[in-house]
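Work through the exercises below with the model open beside you. Try each task before reading its solution.

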Amino acid sequence: MDSLTQIVLGAAVGEAVLGKKVGNKAMLFGAIAGTIPDLDVFTRFFTDTISAIEWHRGFSHSIFFSVLFAPVFGWLVFKLLPKKEASWKEWSWLMFWGLFTHPILDSFTTWGTQLFWPFNTRLAFQNIFVIDPLYTLPFLVLLVLAMFQKRTSVKRRKYNNWGLIISSAYLLLSLVLKAVTYQKFTTALENQGISYIEIDTRPSPFNTILWTANVDTKEAYLIANYSFFDTKPIFFETYPKHHELLGDLKNNDKVNRLERIAEGWYIITEDNGQLFFNDLRFGLMSMDPKEQDFAFKYQLTNKEGDLEIKEIPKNVGDAKKLLQELWNRILGN
């Protein structure tokens with residue numbers, strides 16, 4: 001999830017663990033703990049594109065990391081504060097839950113997490129977008145209300161608990177919505193006589209009303225959208241895989257690593273002799289059914305036998321256009 005959401009979750013967890021004893025310090029250090037796992041994004045400044053992608057939401061988002069570093073961070077907080085209001089063990093417990101709930105929440109997103117690192121299994125339930133105002137804003141409001149109550153106030157506990165309960169309930173609701181939309185997509189495929197190998201569904205950006213399905217067929221991927229306000233049948237747009245365009249690069253180690261990152265959901269496109277690897281899992285840059293640009297697109301350049309892979313930067317103008325298109329599409333087809 002986005003940084004603000006993880007800060008809010010970490011602060012609320014810190015309050016639940018130690019707020020009654022240390023007051024707003026629990027929120028502060030809970031928020032810090034909730035931020036720490038995402039510091040792995042800075043690896044992109046020290047390594048290549050593929051390695052940075054592989055490391056993101058890897059070790060720092062694992063149970064192992066939480067168990068290993070919670071006592072370390074707990075000890076630092078214990079030594080930092082002049083008043084020994086809580087023990088090293090209590091601060092370590094707060095840091096553990098702040099660190100651990102971060103990857104738990106991330107596991108509900110499309111990207112997922114390697115919660116069981118060093119094993120390669122990546123948990124990605126894909127039932128919530130990385131930024132979802134309906135999850136974050138009520139949670140934030142209740143956290144702020146709790147913050148301005150006295151440390152021992154019953155209202156403080158209630159506000160914080162309600163924030164945790166409502167946000168968690170929304171996560172559970174999104175799982176139900178995912179199940180309903182999955183049924184909608186599979187029924188549409190059956191009614192249209194489309195045979196397929198696999199189907200992958202996820203919510204569109206910033207909401208859980210409009211959902212997208214990627215459908216794997218033998219030679220192509222099908223992509224479709226469904227809103228709970230739709231009145232027309234679901235339409236599946238075809239995107240040829242064109243994996244054959246890779247040629248000898250099909251056996252290249254960097255390409256194989258990128259394939260694993262995309263979990264097999266990718267197409268290859270060519271523009272003026274330049275090859276591009278398109279990760280389908282995060283959708284297109286437009287709601288136009290003829291759109292060809294995906295949110296995560298990588299340029300493959302073969303330089304004297306050494307393959308260079310570079311992520312194509314996203315255009316701010318395209319993002320603004322997508323937001324307007326999303327709103328229109330949410331309202332129904």
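## Backbone exceptions

H242 sits in the loop between β4 (237–240) and α8. Helices (H or I, at least four residues) and strands (E, at least two) are DSSP runs, numbered from the N terminus. This is a predicted model: local features need pLDDT of at least 70, side-chain atom pairs count only at pLDDT 80 or more, and totals for chains, interfaces and linings use all residues. Residues are numbered from 1 along each chain as its sequence is written, and side-chain values use heavy atoms, with hydrogens and water left out.

**Exercise 1.** Find the sign of phi at H242 and at N272.

*Solution.*
- Start with the background: most residues other than glycine have a negative phi, and most peptide bonds are trans.
- Read H242: phi is near 50°, a positive value in a residue other than glycine.
- Check its exposure: H242 is partly exposed because its relative accessibility is 34%. Buried means under 20% relative accessible area, exposed over 50%, partly exposed in between (1.4 Å probe, protein chains only).
- Move to N272, in the loop between β5 (266–271) and β6 (274–284). Phi there is near 55°, again positive in a residue other than glycine.
- Check N272 too: at 80% relative accessibility, N272 counts as exposed.

**Exercise 2.** Locate the cis peptide bond that involves P118.

*Solution.*
- Place P118: it belongs to the loop between α5 and α6.
- Name the partner: the cis bond joins W117 and P118, with omega about 15°.

## Helices

**Exercise 3.** Test the length of helix α2 against the expected span.

*Solution.*
- Take the rule: the expected span of a helix is 1.5 Å times one less than its number of residues.
- Apply it: α2 covers residues 24–35, so its 12 residues should span 16 Å.
- Compare: the end C-alpha atoms of α2 are 17 Å apart, which agrees.
- Look for its buried residues: A26, M27, F29, G30, A31, A33 and G34.
- Ask what covers them: the cover includes α1 (3–22), α4 (63–80), α5 (88–106), α6 (133–147) and α7 (154–191).

**Exercise 4.** Compare the record's transmembrane regions with the model.

*Solution.*
- Consult the record: an unreviewed UniProt entry lists residues 63–81, 93–117, 123–147 and 159–177 as "transmembrane region". UniProt positions are given in the numbering used here, feature names are shortened, and annotations may be inferred rather than shown by experiment.
- Take residues 63–81: the chain there is 95% helix and 0% strand, with end C-alpha atoms 27 Å apart.
- Take residues 159–177: this span is 100% helix and 0% strand, and its end C-alpha atoms lie 27 Å apart.

## Charged side chains

**Exercise 5.** Trace the salt bridges of E15, K254 and K314.

*Solution.*
- Recall the principle: side chains of opposite charge can pair when their charged atoms come close.
- Set the rule: a salt bridge is a side-chain nitrogen of Lys or Arg within 4 Å of a carboxyl oxygen of Asp or Glu. The count comes to 16.
- Pair E15 with R157: N to O is 2.0 Å. E15 lies in helix α1 and R157 in helix α7, so the bridge ties together parts 142 residues apart in sequence.
- Add burial: E15 is buried, at 1% relative accessibility.
- Widen the view: E15, R156 and R157 form a network of salt bridges.
- Pair K254 with D306: N to O is 3.6 Å. K254 is in helix α8 (residues 253–261) and D306 in strand β8 (residues 306–311), so parts 52 residues apart in sequence are tied together.
- Pair K314 with E311: the closest N and O atoms are 3.0 Å apart.

**Exercise 6.** What surrounds R202, and which opposite charge is nearest?

*Solution.*
- Place R202 in strand β1 (residues 198–203).
- Check charge: R202 is buried yet has no salt bridge, and the nearest side chain of opposite charge, D200, is 4.8 Å away. Lys and Arg count as positive and Asp and Glu as negative; His and the chain ends are not counted.
- Look at the backbone: the oxygen of R281 lies 2.9 Å from a polar atom of the R202 side chain.
- List contacts (heavy atoms within 4.5 Å). Leaving aside neighbours within four places in sequence, those of R202 include K178, W211, N214 and F282.

Definitions and conventions: Polar contact = N/O pair within 3.5 Å; in protein donor to acceptor, adjacent residues only side chain to side chain.
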